[in-house]
Amino acid sequence: MNYGEALKKHRIAKEQTLKEVSEETGISFQNLSRWERGDVLPNIDFCVTLAKYYEITIEELIGID
């Protein structure tokens with residue numbers, strides 16, 4: 001699983017839309033979408049924000065076992 005698939009998996013597991021995650025975290029919808037598609041990599045600050053939001057580690061967030 002690549003990082004984009006992992007990001008999407010965690011969002012879906014939390015039953016959230018991209019819009020809801022965007023509103024809750026302050027991260028733009030466009031960035032979230034590009035990351036999930038694998039177009040670009042999120043920087044570490046955004047990874048920390050998302051890991052806290054999903055209540056998981058950064059490793060889990062990006063699909064590293």
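This report covers aromatic pairing, a charge over a ring, and the surroundings of Ser 22 in a predicted model.

## Aromatic pairs

The model holds two aromatic pairs. One of them joins Trp 35 and Phe 46. Their ring centres lie 5.1 Å apart. The planes meet at 45 degrees, and the pair is classed as tilted. Trp 35 belongs to helix H3 (residues 29-37), while Phe 46 belongs to helix H4 (residues 44-54), so the pair ties together parts 11 residues apart in sequence.

The two partners can also be described by burial. Trp 35 has a relative accessible area of 3% and is buried. Phe 46 is partly exposed, at 27% relative accessibility.

## A charge over a ring

Lys 14 and Tyr 53 make a contact of another kind. The charged end of Lys 14 sits over the ring of Tyr 53. The distance to the ring centre is 4.2 Å.

## Around Ser 22

Ser 22 is part of helix H2, which spans residues 18-25. Its relative accessibility is 16%; Ser 22 therefore counts as buried, since the cut-off for burial is under 20%.

Setting aside neighbours within four places in sequence, Ser 22 is in contact with Ile 27, Ser 28, Phe 29 and Leu 32. With Ile 27 there is a polar contact. The side chain of Ser 22 reaches the backbone oxygen of Ile 27 at 2.6 Å.

Asp 39 gives a further distance from Ser 22. The two residues are 17 residues apart along the chain. Their C-alpha atoms are separated by 18 Å.

Conventions:
Residues numbered from 1 in each chain as written. Predicted model: local features only at pLDDT ≥ 70, side-chain atom pairs only at ≥ 80, totals over all residues. Heavy atoms only, no water. Phe/Tyr/Trp six-rings, centres within 6.5 Å; stacked < 30°, edge-to-face > 60°. Helix = DSSP H or I, 4+ residues; strand = E, 2+ residues; numbered from the N terminus. Buried < 20%, exposed > 50% of the residue type's maximum accessible area, 1.4 Å probe, protein only. Lys NZ or Arg CZ within 6 Å of the ring centre and 35° of its normal. Contact = heavy atoms within 4.5 Å. Polar contact = N/O pair within 3.5 Å; in protein donor to acceptor, adjacent residues only side chain to side chain.
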